[in-house]
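Thanks for coming, everyone. I have one model to walk through today, so please bring it up on your screens.

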Amino acid sequence: MSLHGTSPVTTFGPKACMLQNPHAVMHIQDPASQRLTWNKPPKSVLVIKKIQDASLLQPFKELCVFLTEKNMIVYVERKVLADPVIQADESFAAVIQKFCTFREDLDDISNRVDFIICLGGDGTLLYASSLFQKSVPPVMSFHLGSLGFLTPFNFDTYQSQVTQIIEGNAAIILRSRLRVVKESREKNARVDKKGIIMTKGDSEGSRKVLNEVVVDRGPFSYLSNVDLFLDGHLITTVQGDGVIVSTPTGSTAYAVAAGASMIHPNVPAIMITPICPHSLSFRPIVVPAGVELKIMLSRDSRNTAWVSFDGRKRQEICHGDNITITTSCFPVPSICFQDPVNDWFESLAQCLHWNVRKKQNYLSSKEDVF
């Protein structure tokens, strides 16, 4: 183990990889020098559209027509095409016949997609990440949602921007993910959704999280009472509404609303943020990316707790269960509009209005300082 975390895998999908910088020192690249390159020309693209958003239908159609004209193999989720408006469009029917479709959690497309295009908001990127539990193809996100902190591209010039990506001329930022394993200690055997028998001490498999893991008190009125271990050592007991364990990317989401600092995605770290702790001294902390965190219900906890992963797959944590969190070696290669540094500060300014203040008036030399 290393406190710096596992070295991220720098091959993304079947054809993309990060262009190596021969001037890198100790294999540590300047974030501004991370560039996308292709081992072979990309031939397939996954288009992810926010469901039940009528305003995205026209951009979705335009993009798909453009991609098919470029002889790209277009993958689309089956439930997207189930939209009655899309099915009723006769002019779009010929394009639909060229699509390859898949179903979430049922079809594996990890080795079929060369890159991903997201149409929507930040949640669309989180959903794209959840579809790939190992290597993630490069992701290009268009700002067609509400906030758009993680979606730097404007759709008005999509043709030139997509062409530029296909040619391999773009900067990327590697957004680290968390590898989360929930282990059950229930006495009685049970069967999970996939029909696998879970017995005492079994693991429900790992999942990758881009933003955060949230453990909270759920519907109960009592404080949550959970023990937090770091590399096997008990470091504290969280007494409050819950705790957030987030990536640097997730530090600007739920964590910042709970009082955490904002961390640039290139910083190898994990942030631990309490939610409304019943303590005046419990401040958010940043730990090295290479540590192993474990969360368990305290023995004297009055009630169970609940856990969610990037706001999804919410489930109950009972006494004896534990959540193990480490940094995954499979990051999300997010394509930048400019570069990792400028894009991040632009998002801070435009989306969160970071450090916005009316400027102080200039003091002329004739005025008395006092």
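Strand E17 and strand E18, residues 269-275, are joined by 5 bridges and run antiparallel. To find the register, look at Ser246: the residue opposite, in E18, is Met271. Bear in mind that this is a predicted model.

Now the other neighbour of E17. Strand E14, residues 212-216, pairs with E17, again over 5 bridges and in the antiparallel sense. Here Ile244 of E17 has Val214 standing opposite.

Keep going across. E14 also pairs with strand E21, residues 305-309. That pairing is antiparallel and has 4 bridges. Val215 has Val307 in E21 as its bridge partner.

Put those pairings together. They belong to an open sheet of 6 strands. The order is E19-E18-E17-E14-E21-E22, and the pairing is antiparallel. Which strands sit at the edges? They are E19, residues 285-288, and E22, residues 312-317, and each of them pairs on one side only. On average, neighbouring strands of this sheet are turned by 20° against each other, with direction ignored. For anyone new to sheets, the strands are held in pairs by backbone hydrogen bonds, either parallel or antiparallel.

Back to E17 for a moment. Is this strand enclosed or open to the outside? E17 spans residues 242-246, and 5 of its 5 residues are buried, so the strand is largely enclosed by the rest of the structure. Check the two faces separately. On one side sit Gly242, Ile244 and Ser246, and on the other Val243 and Val245. All of these are buried, which leaves both faces covered.

Next, a helix pair. Helix H1 covers residues 57-69, and helix H6 covers residues 158-166. Their axes come within 11 Å and cross at roughly 45°. The two helices are therefore oblique to each other. The crossing is right-handed. Who touches whom? From H1 we have Glu62, Leu63, Phe66 and Leu67. They meet Tyr158, Gln159, Val162 and Thr163 in H6. Sorted by class, this contact has 5 nonpolar, 2 polar and 1 charged residues.

Now some single residues in loops. Start with Pro14, in the loop between strand E1, 11-12, and strand E2, 16-19. Which residue far along the sequence should you look for? Try Arg112: 98 residues from Pro14 in sequence, yet 7.1 Å away, C-alpha to C-alpha. Beyond its neighbours within four places in sequence, Pro14 is in contact with Ser110, Asn111, Val113 and Asp114. The relative accessibility of Pro14 is 38%, so this proline counts as partly exposed.

Two backbone oddities to finish. Most residues other than glycine have a negative phi. Asp231 has a positive one, near 50°. You will find Asp231 in the loop between strand E15, 224-230, and strand E16, 233-240. Buried, exposed or in between? Asp231 has 34% relative accessibility, so it counts as partly exposed.

The second case is Asn355. Its phi is also positive, about 55°, and it is not a glycine either. Asn355 lies in the segment after helix H8, 340-351. With 66% relative accessibility, Asn355 counts as exposed, because the cut-off is over 50%.

That is my tour. Over to you for questions.

Key: Residues numbered from 1 in each chain as written. Predicted model: local features only at pLDDT ≥ 70, side-chain atom pairs only at ≥ 80, totals over all residues. Heavy atoms only, no water. Axes fitted to C-alpha atoms, helices over the stretch in contact; angles between N-to-C directions. Parallel < 35°, antiparallel > 145°, perpendicular 65-115°, else oblique. Left-handed = near helix turned anticlockwise from the far one by under 90°. Contact = heavy atoms within 4.5 Å. Nonpolar A, V, L, I, M, F, W, Y, C, P; charged D, E, K, R; others polar. Buried < 20%, exposed > 50% of the residue type's maximum accessible area, 1.4 Å probe, protein only. Pairing = 2+ DSSP bridges.
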